[in-house]
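Reader: I'd like to learn how to read a few features of a fold straight off the coordinates. Where do we begin?

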Amino acid sequence: MPRYAADRTLLAPLEDVWAFLAEPYNLPDWWPGMSGVEPDRRGLAPGARWKVLGPNEPTLFHKPDAAGTLLVLDVVPMSRIAFQVVAQRVDAELELREEEDGRTGVSLVVDAPFLAIRR
């Protein structure tokens, strides 16, 4: 399965970045191809299962608002989030690191079939 990786530096302190990422309802704002999320009562915790909605418009391979499941695999507060989008067989690991001048380094590694990656 192909592996994709990206590194970025965000112009925000680690605490602010973590607060944004740890709120399940923000997922569609930072993960491509999602238009909504319904987290379970555990929120961002290992073993949590969230219902996720796909894009509002149809694509060649997906119906509009197609629903799926996101499984939270691991959470290390202020440092790491790992999850799987089950139906698309997408495994993602997001790591954060504090950098100078109040910035945050972010590394994302995604293992996914070629057609599962959308922009």
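Author: Let's begin with Arg 3, which is exposed, its relative accessible area being 59%. The cut-offs are simple: buried is under 20% relative accessible area, exposed is over 50%, and partly exposed is in between, using a 1.4 Å probe and protein chains only. Keep in mind that this is a predicted model, so local features need pLDDT of at least 70 and side-chain atom pairs count only at pLDDT 80 or more, while totals for chains, interfaces and linings use all residues. Residues are numbered from 1 along each chain as its sequence is written, and side-chain values use heavy atoms, leaving out hydrogens and water.

Reader: Got it. Which side chain does Arg 3 meet in a salt bridge?

Author: The general idea is that side chains of opposite charge can pair when their charged atoms come close. Here the cut-off is a side-chain nitrogen of Lys or Arg within 4 Å of a carboxyl oxygen of Asp or Glu. Arg 3 makes its salt bridge with the side chain of Asp 111, at 2.8 Å from N to O. The two partners come from distant parts of the chain, 108 residues apart: Arg 3 sits in strand β1 (residues 3-10) and Asp 111 in strand β7 (residues 104-111). Strands here are DSSP runs of E with at least two residues, helices are runs of H or I with at least four, and both are numbered from the N terminus.

Reader: Is Asp 111 buried or exposed?

Author: Buried, with a relative accessibility of 19%. So this salt bridge has an exposed residue at one end and a buried one at the other.

Reader: How do I read the pairing of β1 and β7?

Author: Two strands pair if DSSP finds at least two bridges between them. β1 and β7 are joined by eight bridges and run antiparallel. For a spot to zoom in on, take Asp 7, whose bridge partner in β7 is Ser 107. Also look at how little of β1 is covered: zero of its eight residues are buried.

Reader: And how do the side chains of β3 point?

Author: They alternate along residues 49-53. On one face you have Trp 50 and Val 52, which are buried, and on the other Arg 49, Lys 51 and Leu 53, which are not. Then follow the neighbours of β3. Strand β2 (residues 36-38) pairs with β3 in the antiparallel sense over three bridges, and Gly 36 stands opposite Leu 53. Strand β4 (residues 67-76) also runs antiparallel to β3, with five bridges joining them. In β4, Ala 67 stands opposite Leu 53.

Reader: Back to charges. How many salt bridges does the structure hold?

Author: Six. Another of them joins Arg 80 and Glu 95, at 3.8 Å from N to O. This pair again links distant parts of the chain, with Arg 80 in strand β5 (residues 80-85) and Glu 95 in strand β6 (residues 90-98), 15 residues apart. Glu 95 is partly exposed at 36% relative accessible area. There's also Glu 99 with Arg 97, at 3.6 Å from N to O. Both are partly exposed, Glu 99 at 28% and Arg 97 at 35%. Salt bridges with shared partners also tie Asp 74, Arg 80, Glu 93 and Glu 95 into one network.

Reader: Which residues does Arg 80 touch?

Author: Contact means heavy atoms within 4.5 Å. Leaving aside residues up to four places away in sequence, Arg 80 touches Trp 18, Asp 74, Val 75, Glu 93, Leu 94 and Glu 95.

Reader: What does Trp 30 touch, then?

Author: With that sequence filter again, Trp 30 touches Phe 20, Leu 21, Phe 83 and Leu 94. Trp 30 belongs to helix α2 (residues 27-30) and is partly exposed at 23% relative accessible area. Its C-alpha atom is separated by 9.5 Å from that of Phe 20, ten residues apart along the chain.

Reader: Last one, backbone angles. Where is Arg 89, whose phi is positive?

Author: Arg 89 is in the loop between β5 and β6, and its phi is near 55°, a positive value in a residue other than glycine. Asp 101 has a positive phi too, about 60°, although it is not a glycine. You'll find Asp 101 in the loop between β6 and β7, exposed at 72% relative accessibility.
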